[in-house]
Amino acid sequence: MAAAALDALQRALREFPAAARELSVPLDVPYLDEPPTPLHFYRNWVCPNRPCIIRNALKHWSALQKWSLPYLRATVGSTEVSVAVTPDGYADAVRGDRFVMPAELRLPLSYVLDVLEGQAQHPGVLYVQKQCSNLPTELPQLLSDLEPHVPWASEALVHKDHYENLYCVVSGEKHFLLHPPSDRPFIPYELYTPAPYQLTEEGTFKMVDEEAMEKVPWIPLDPLAPDLTQYPSYSQAQALRCTVRAGELLYLPSLWFHHVQQSHGCIAGEDTQATQGKALSRPSRASLGEVGGIKRGTLMFRSLFSPQ
């Protein structure tokens, strides 16, 4: 009896993603040519938990015209910022039987810009970001180039528990691979010992186990080149792919799995309400490289705005 019930449950889980797709998951991430009204955003995107890309959402931000590397160098170049550093652009990712996290340094932004422009050398890949927030706390001089919040999102999200992501690109572009929460039965998880990178005086990287911490559940496969022999069920998952360009905003609903790449020197911001969706292999926090061609780095400014 118990075996039959378990078989029925497993069959229902296998069939659920297809039913969810027929009901509410789009085949592609839709584009809106202009910002929606709060009611339209809440009814058509937030409630059904569907992503969308909104064009012309940031056109009134002066940052779109001003935030070049020379402008950042002149305005905040002397400011020390938090920088995540990894040997290959992969952080918060699986390496063997370890869950690796970036080394964290404090560096003048002008030096990071020198590395981005090839005028200086530094071991590994640099990523200007801070997990909770770096724009208000480290670079407040840039706040006047932005709106404090996105009005139509603020009004809509006040009606929902804040577990949403808003990604906006100021310069360059971000490439997203997304899976809806209903693909969870096909996405593997394993437990890994957390091990942050340390940068040695010789300029090499070593992983240092954090034995006192609990093991981290994480997704072991690379969605760009999945090992379907080891993880055959992943072949049943159906990813959505989209590109977010300068001036555009991606609404990523809660609990969506996401894998992110970006162009070299990309300047982008993210506002995450309470928690992020599940990150797939290389999350936005440190997804700096592309398979077969690691880029030198990028800039990520978090908490550009926050729905009130």
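**Salt bridges, strands and cores in a predicted model**

The count of salt bridges comes to 11. The structure is a predicted model. One of these pairs joins arginine 98 and aspartate 97, whose side chains meet with an N to O distance of 2.8 Å. Another salt bridge links arginine 106 to glutamate 138, and here the closest N and O atoms are 2.6 Å apart. This second pair connects distant parts of the chain. Arginine 106 belongs to strand β6, glutamate 138 to helix α6 (residues 135–138), and 32 residues separate them. The two partners can be compared by exposure. Arginine 106 is partly exposed, at a relative accessible area of 44%. Glutamate 138 counts as buried, because its relative accessibility is 7%, and the cut-off for buried is under 20%.

A further salt bridge brings together the side chains of glutamate 173 and arginine 245, at 3.7 Å from N to O. Glutamate 173 sits in strand β9 (residues 173–179) and arginine 245 in strand β13 (residues 240–245), so this pair ties together parts that lie 72 residues apart in sequence. Both ends are partly exposed: glutamate 173 has a relative accessible area of 26%, and arginine 245 has one of 41%. Salt bridges with shared partners also join Asp33, Arg55 and Glu248 into one network. In general, side chains of opposite charge can pair when their charged atoms come close.

The overall make-up of the chain gives the setting for these pairs. The chain contains seven helices and 17 strands. It has 308 residues, and 51% of them count as buried. Among the contacts with a separation of 6 or more, 80% are between residues 24 or more positions apart.

Strand β3 (residues 80–86) is one element with two strand partners. Six of its seven residues are buried, so β3 is largely enclosed by the rest of the structure. Its pairing with strand β6 (residues 103–108) is antiparallel and runs over six bridges. Within that pairing, glutamate 80 has proline 108 of β6 as its bridge partner. Strand β7 (residues 125–128) also runs antiparallel to β3, and four bridges join the two. There, threonine 86 is matched with valine 125 of β7. Strand β6 thus appears twice in this account: it pairs with β3, and it holds arginine 106 of the salt bridge to helix α6.

Two helices show how burial is arranged around an axis. In helix α2 (residues 38–46), the residues Phe41, Trp45 and Val46 are buried. These cover an arc of only 75° around the axis, which puts them on the same side of α2. In helix α4 (residues 69–76), Leu69, Leu72 and Val76 are buried. Seen down the axis of α4, these buried residues fall within an arc of 70°, so they line one face of the helix. The face turned away from that buried side carries the exposed residues Pro70 and Ala74. An α-helix has 3.6 residues a turn, so residues three or four places apart point the same way.

Leu72 of α4 also features in the largest nonpolar core, which has 39 residues. Together with Trp67, Val83, Leu109, Trp152 and Leu249, Leu72 touches the most other members of this core. Helix α5 (residues 109–116) gives the most to the core, with five residues. Another core lies apart from it and has 16 residues, among them Val29, Tyr167, Cys242 and Cys266.

Cysteines were examined next. A search of the whole structure finds zero disulfides. Cysteine 52 is buried, at 0% relative accessibility. Cysteine 168 is also buried, with a relative accessible area of 1%.

Serine 62 offers a view of a loop. This residue lies between β2 (52–54) and α3 (63–66). Serine 62 is partly exposed, with a relative accessible area of 26%. Leaving aside residues up to four places away in sequence, serine 62 touches Ser144 and Asp145. The C-alpha atoms of serine 62 and valine 170 are separated by 9.9 Å, although the two residues are 108 residues apart along the chain.

Conventions
Residues numbered from 1 in each chain as written. Heavy atoms only, no water. Buried < 20%, exposed > 50% of the residue type's maximum accessible area, 1.4 Å probe, protein only. Arc of directions from axis to C-beta. Contact = heavy atoms within 4.5 Å. Pairing = 2+ DSSP bridges. Core = buried A, V, L, I, M, F, W, Y, C linked by side-chain atoms within 4.5 Å. Salt bridge = Lys/Arg side-chain N within 4 Å of Asp/Glu carboxyl O. Disulfide = S-S within 2.5 Å.
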